[in-house]
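Colleague: Please pick one part of this chain and take a close look at it. Then work outwards from there, in plain terms, and explain each label you give as you go.

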Amino acid sequence: MRKRLAAFALPGLALLWSGASLSAEQFGTAEDAKAMLHRAVEALNVDTAAALKAFNDEKNKEFRNRDLYVFCFSLPDGNITAYESPLMVGTNVRELKLGKDPLGQRAYDVVAGAPEGEFVSIDYDFPKPGTKQPATKQALETRVGNQACGVSYFK
């Protein structure tokens, strides 16, 4: 009987482990975020207008994958030019707050003060989709011409 129970328990544990790994795969990694930001920089260097259009296209899997997406704002005015939600386009990034955290101003300051092409980052707490518990997220950002763009991921 124990052998029979073990025969059923092992596949069950394997299913649980594979389910956990599938759950973890729903979020992009730091490497995925960096790769997406590199692709965004390449696209901006070729054609800024076409790149921004691609970043805002909800069906474009090159710049939107799982919880990762490219966001951009123009410098020096700070107006959002690309975002996951089209409702945010045109909003001044410096006005965005996450609770008491002036997240938009921090995102603007860190990239505006960095040399063009250098990747910079900021950390902040934000709940993972489907939860209310804050989790650490990091935004990687860089400047290309008059655009500041980034990709954020859960650490």
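Modeller: Leaving out residues up to four places away in sequence, F126 touches L98, Q133, P134, A135, K137 and F154. Keep in mind that this is a predicted model, and that each distance below is computed from it. F126 itself sits in strand β4, which covers residues 120-127. Its relative accessibility is 34%, so F126 counts as partly exposed; that label applies between 20% and 50%. T136 is 10 residues away from F126 in sequence, and the C-alpha atoms of the two are 6.4 Å apart.

Strand β4 leads to the largest pocket, since β4 is one of the elements that supply at least two residues each to the pocket's lining. The others are β2, β3 (80-82), α4 (103-112), β5 (134-144) and β6. The space in this pocket is about 500 Å³. It is lined by 27 residues, and the closest to the centre are Y69, Y83, L103, Y124 and S152. Sorted by class, the lining has 20 nonpolar residues, five charged ones and two polar ones.

S152, one of the residues closest to the pocket centre, belongs to strand β6. The relative accessible area of S152 is 3%, so this residue is buried; the limit for that label is 20%. Beyond four places in sequence, S152 touches D67, L68, Y69, F71, Y124, K137, Q138 and A139. Y69 and Y124 in that list are also among the residues closest to the pocket centre. S152 and Y69 show how separate places in the sequence meet in space: they are 83 residues apart along the chain, with their C-alpha atoms 7.5 Å apart. K137 appears here as a contact of S152, and it is a contact of F126 as well.

Strand β6 also takes part in a covalent link. C72 and C149 form a disulfide, with 2.0 Å between their sulfur atoms. C72 lies in strand β2 (residues 68-74) and C149 in strand β6 (residues 147-154), so by definition the ends of the link belong to separate strand runs. The two cysteines are 77 residues apart, and the pair links distant parts of the chain. Both C72 and C149 are buried. The torsion about their S-S bond is about 110 degrees, which means that the disulfide is right-handed. Searching the whole structure gives one disulfide.

Two backbone details lie at either side of β2. In the loop between β1 (64-65) and β2 there is R66. R66 is not a glycine, yet its phi is positive, at about 55 degrees. With a relative accessibility of 41%, R66 counts as partly exposed. The loop between β2 and β3 holds P76, and the peptide bond from L75 to P76 is cis, its omega near 10 degrees.

Past β3, the loop that runs to α4 contains V89. V89 counts as partly exposed because its relative accessibility is 36%. Apart from neighbours within four places in sequence, V89 is in contact with N56, I80, T81, A82 and Y83; Y83 is also one of the residues closest to the pocket centre. F71 is 18 residues from V89 along the chain, and 9.6 Å separates their C-alpha atoms.

Now for the chain as a whole. It has four helices and six strands, and in sequence order they follow the pattern α-α-α-β-β-β-α-β-β-β. The chain has 155 residues, of which 36% are buried. Of the contacts between residues at least 6 apart in sequence, 48% join residues at least 24 apart.

A last point is how far to trust each part. The mean pLDDT of the chain is 87, and 85% of the residues reach 70 or more. Residues 1-23 have a pLDDT below 50, and this stretch has one contact in the model beyond near neighbours in sequence.

Technical notes. Residues are numbered from 1 along each chain as its sequence is written. This is a predicted model: local features need pLDDT of at least 70, side-chain atom pairs count only at pLDDT 80 or more; totals for chains, interfaces and linings use all residues. Side-chain values use heavy atoms; hydrogens and water are left out. A disulfide is a pair of cysteine sulfur atoms within 2.5 Å. Buried means under 20% relative accessible area, exposed over 50%, partly exposed in between (1.4 Å probe, protein chains only). pLDDT is the predictor's confidence in each residue, from 0 to 100. Contact means heavy atoms within 4.5 Å. On a 1 Å grid over the protein atoms alone, a cavity is a set of points where a 1.4 Å probe fits but cannot get out, and a pocket is an open set with protein on both sides within 12 Å along at least five of seven lines; lining residues have an atom within 4 Å of a point. Grid points are joined across faces, edges and corners, and a volume is the space filled by probe spheres set on the points. Ala, Val, Leu, Ile, Met, Phe, Trp, Tyr, Cys and Pro count as nonpolar, Asp, Glu, Lys and Arg as charged, and the others, Gly among them, as polar.
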